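Here is a short guided tour to read alongside the model. Keep the structure open and turn it as you go.

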Amino acid sequence: MSHVAHELGTQPECWERAAELAPARRSVLPQPGERTAIVGCGTSYYMAQAAAVLREEAGQGETDAFPASEFPRHRRYDRVVALTRSGTTTEVLDLLAGLRDAGVPTTAVIGDPATPVMSLADDLVVLDFADERSVVQTRFATTALTLLRAHAGLHTAGVVADARTALAEPLPADLESRGQFTFLGRGWSVGLAHEAALKMREASLSWAESYPAMEYRHGPISVSGPGTVTWSLDAAPDGLAEQVRATGAQWVAGRLDPLAELVRVHRLALAVAAHQQLDPDAPRHLTRSVILTTGEEAVR
């Protein structure tokens with residue numbers, strides 16, 4: 001079994017532990033009314049997008065999400081939360097150092113605390129039980145989002161039950177041989193749709209894209225047709241499924257909690273990789289962390 005296959009299968013247990021941890025770490029996570037930014041890179045950025053929408057929907061306060069490299073340093077925030085599995089990513093460390101010098105409170109949600117992030121963030125939330133050996137992120141990212149979702153009072157036991165269903169049920173038939181995938185979301189699940197497409201690209205080298213559900217109808221639907229798949233991670237707008245099917249594309253409707261639907265996509269990425277005889281533990285051109293040195297960039 002690949003590392004990523006093992007890790008994606010442990011997500012329900014990791015989510016339960018994160019939800020249990022959230023009350024104990026309440027004081028270092030964004031407080032109601034705080035103007036907050038959540039940052040990350042790659043997968044962590046997409047989790048930040050989802051968490052920001054969830055927090056605002058819960059009435060907890062204005063919340064923005066940024067790639068760490070694109071953080072607007074001229075803006076003022078009461079707290080910045082950094083999602084960083086490795087604790088070594090150059091853009092995150094540079095941002096945290098700058099925020100420390102500017103006196104902005106920071107919290108890092110981290111997989112491995114024994115990393116440079118220890119000395120740069122004001123506070124840490126350690127999810128070492130969700131840390132990963134794989135390059136391709138699955139359980140750390142979804143566990144970090146679960147922590148923030150629980151902190152906002154939006155996590156339920158039903159989410160974990162749906163994740164177990166996502167791991168147990170067969171995937172929709174005949175997807176492994178498809179060559180093009182589009183993932184759709186609404187509200188907080190738009191970030192999950194972006195992450196779903198990233199997983200397909202990373203693990204299986206598939207052509208994959210993602211959109212807010214209604215934006216897909218404003219142009220991108222034109223590339224859909226026989227041999228393509230459109231997967232809605234959340235409830236789709238009325239009539240969209242019929243429009244997709246009319247193109248000849250295969251429509252997959254999300255039935256579970258959107259985070260559990262993402263777990264189904266994790267499984268699909270591995271199934272497509274196996275069909276193409278690819279090793280998901282050795283994704284092309286990627287490393288576990290992006291560490292920039294002079295004239296070089298380790299991509300990921």
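## Strands, cavities and a few residues

In this predicted model, Phe181 stands opposite Ala208, a residue of strand 7. That pair is a good place to begin, and the strands around it come next.

**Two covered strands**

Phe181 belongs to strand 6, and the pairing continues along the strand: six bridges join strand 6 (residues 180-185) to strand 7 (residues 207-212), and the two run parallel. Strand 6 is mostly covered, with six of its six residues buried. Gln180, Thr182 and Leu184 point one way from the strand, while Phe181, Phe183 and Gly185 point the other way. In a regular strand, side chains alternate between the two faces of the sheet.

Strand 1 invites the next look. Which way do its residues point? Thr36, Ile38 and Gly40 point one way, Ala37 and Val39 the other way, and all are buried. Because five of the five residues of strand 1 (residues 36-40) are buried, the strand is largely enclosed by the rest of the structure. Strand 1 pairs with strand 2 (residues 63-67) in the parallel sense over five bridges. Within that pairing, Ala37 has Asp64 of strand 2 as its bridge partner.

**Two cavities**

How many cavities of 30 Å³ or more does the structure hold? There are two of them, and the table sets them side by side.

| Cavity | Volume | Lining by class | Largest share of the lining |
|---|---|---|---|
| Largest cavity | about 100 Å³ | six nonpolar, two polar and one charged residues | helix 3, three residues |
| Second largest cavity | about 40 Å³ | five nonpolar, two polar and one charged residues | helix 10, three residues |

To find the largest cavity, select Pro30, Ile38, Ala51, Leu54, Arg55, Gln60, Leu148, His151 and Ala152, which line it. Ile38 is already familiar from strand 1, where it points the same way as Thr36 and Gly40. Two helices, helix 3 (43-57) and helix 5 (139-151), each supply at least two residues of this lining.

For the second largest cavity, select Val4, Val136, Thr138, Lys199, Ala203, His266, Ala269 and Leu270, the residues that line it. Here helix 7 (189-204) and helix 10 each supply at least two residues of the lining.

**Arg264 in helix 10**

Helix 10 (residues 258-275) is also the place of Arg264. Is Arg264 buried or exposed? Arg264 is buried, because its relative accessible area is 6%, below the 20% cut-off. The side chain of Arg264 makes a polar contact with the side chain of Glu261, at 3.0 Å. Leaving out residues up to four places away in sequence, Arg264 touches Ala166, Leu171, Pro172, Trp231, Ala253, Arg255 and Leu256.

**Asp162 in helix 6**

Leu256 also appears among the contacts of Asp162, a list that holds Leu256, Asp257 and Ala260 once neighbours within four places in sequence are set aside. Asp162 sits in helix 6 (residues 157-168). Its relative accessible area is 21%, so Asp162 counts as partly exposed; the range for that class lies between 20% and 50%. Try tracing the chain from Asp162 to Pro258: the two are 96 residues apart in sequence, and their C-alpha atoms are 9.2 Å apart in space.

**Two residues with a positive phi**

Most residues other than glycine have a negative phi. Asp174 has a positive phi of about 65 degrees although it is not a glycine. Asp174 lies in the loop between helix 6 and strand 6. With a relative accessible area of 55%, Asp174 is exposed, as the cut-off for that class is over 50%.

Gln277 is not a glycine either, and it has a positive phi of about 60 degrees. Where is Gln277 placed? Its place is in the loop between helix 10 and strand 10 (292-293). Gln277 has 76% relative accessibility and so counts as exposed.

Terms used. Residues are numbered from 1 along each chain as its sequence is written. This is a predicted model: local features need pLDDT of at least 70, side-chain atom pairs count only at pLDDT 80 or more; totals for chains, interfaces and linings use all residues. Side-chain values use heavy atoms; hydrogens and water are left out. Helices (H or I, at least four residues) and strands (E, at least two) are DSSP runs, numbered from the N terminus. Buried means under 20% relative accessible area, exposed over 50%, partly exposed in between (1.4 Å probe, protein chains only). A polar contact is a pair of N or O atoms within 3.5 Å; within protein, one must be able to donate a hydrogen and the other to accept it, and residues adjacent in sequence count only if both atoms are side-chain atoms. Contact means heavy atoms within 4.5 Å. On a 1 Å grid over the protein atoms alone, a cavity is a set of points where a 1.4 Å probe fits but cannot get out, and a pocket is an open set with protein on both sides within 12 Å along at least five of seven lines; lining residues have an atom within 4 Å of a point. Grid points are joined across faces, edges and corners, and a volume is the space filled by probe spheres set on the points. Ala, Val, Leu, Ile, Met, Phe, Trp, Tyr, Cys and Pro count as nonpolar, Asp, Glu, Lys and Arg as charged, and the others, Gly among them, as polar. Two strands pair if DSSP finds at least two bridges between them.
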